[in-house]
Amino acid sequence: MNKRNQVQLVGFTVGEEIYQTTIPAKYQNRKPYQAPNPKMITSFMPGTIQEVYVSEGEKIGTTTRLCILEAMKMKNIIFSQEGGIIKKINVKPGQLVPKGCVLVELV
């Protein structure tokens, strides 16, 4: 039997009743969770980079503005969750970025 044809039953209880259900293929084939890397600042939604405030090699803190991401007619200021030194800036003003794009890398 190949992986697609396998049926896996899962039991659960509600009150005193016991039920069984199958796990759908969509659940079995999902991507495993990966914790976000605080050293990689990513875009949380697609948009356009309006301005970049930092440069490579600059030391930053959690209150330092990194860039502005315009999305849905709103200008979102992007900050880092932790301090560090800018290793690489992957965007420039006017660039369209998708969701999850790495904007800035920290050391």
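Methionine 45 counts as buried, at 18% relative accessibility. That makes it a handy way into this structure, which is a predicted model. The protein has one helix and 10 strands, one salt bridge and zero disulfides. Here's the rundown, starting with that methionine.

**Around methionine 45**

- Methionine 45 sits in the loop between β3 and β4, with β4 covering 47–52.
- Why call methionine 45 buried? Its relative accessibility is 18%, and buried means under 20%.
- Look past the neighbours within four places in sequence, and methionine 45 is in contact with Leu69, Ala71, Met72, Val97, Pro98 and Lys99.
- Take Val97 from that list of contacts: methionine 45 and valine 97 are 52 residues apart in sequence, yet their C-alpha atoms are 8.3 Å apart in space.

**Overall layout**

- Going along the sequence, the pattern reads β-β-α-β-β-β-β-β-β-β-β.
- The radius of gyration is 22 Å, whereas a compact globule of 107 residues would come in near 13 Å.
- Along the principal axes, the C-alpha atoms fill a box of roughly 60 × 30 × 25 Å.
- As for burial, 24% of the 107 residues count as buried.
- The protein exposes about 8200 Å² in total, and carbon and sulfur atoms supply 54% of that area.
- If you take contacts between residues at least 6 apart in sequence, 51% of them join residues at least 24 apart.

**The salt bridge**

- Which residues make the one salt bridge? Glutamate 82 pairs with lysine 39, and their closest N and O atoms are 3.1 Å apart.
- This pair links distant parts of the chain, with the two positions 43 residues apart in the numbering: glutamate 82 is in the loop between β7 (74–79) and β8 (84–89), while lysine 39 is in the loop between α1 (25–28) and β3 (40–42).
- Are the two partners buried or partly exposed? Glutamate 82 is partly exposed, at 27% relative accessible area, and lysine 39 also counts as partly exposed, at 28%.

**Serine 80, in the loop with glutamate 82**

- Serine 80 is found in the loop between β7 and β8, the loop that also holds glutamate 82.
- Unlike the partly exposed glutamate 82, serine 80 is buried, with a relative accessible area of 4%.
- A polar atom of the serine 80 side chain lies 2.4 Å from the backbone oxygen of glutamate 82.
- Leaving out residues up to four places away in sequence, serine 80 touches Ile41, Ile60, Thr62, Thr64, Leu66 and Leu106.

**The cysteines**

- A disulfide is a covalent bond between the sulfur atoms of two cysteines. There are zero of them in this structure.
- Why is cysteine 67 not bonded to cysteine 101? The closest cysteine sulfur to that of cysteine 67 is the one in cysteine 101, and at 9.8 Å it is too far for a bond.
- The view from the other side matches: for cysteine 101, the closest cysteine sulfur belongs to cysteine 67, again 9.8 Å away and too far for a bond.
- For comparison, the cut-off for calling a disulfide is a pair of sulfur atoms within 2.5 Å.
- Cysteine 67 counts as buried, with 1% relative accessibility.

Notes
Residues are numbered from 1 along each chain as its sequence is written. This is a predicted model: local features need pLDDT of at least 70, side-chain atom pairs count only at pLDDT 80 or more; totals for chains, interfaces and linings use all residues. Side-chain values use heavy atoms; hydrogens and water are left out. Buried means under 20% relative accessible area, exposed over 50%, partly exposed in between (1.4 Å probe, protein chains only). A salt bridge is a side-chain nitrogen of Lys or Arg within 4 Å of a carboxyl oxygen of Asp or Glu. Helices (H or I, at least four residues) and strands (E, at least two) are DSSP runs, numbered from the N terminus. A polar contact is a pair of N or O atoms within 3.5 Å; within protein, one must be able to donate a hydrogen and the other to accept it, and residues adjacent in sequence count only if both atoms are side-chain atoms. Contact means heavy atoms within 4.5 Å. The radius of gyration is taken over C-alpha atoms; the globule rule is 2.2 Å times the number of residues to the power 0.38. Accessible areas come from the Shrake-Rupley method with a 1.4 Å probe; for residues, only the protein chains shown count as cover.
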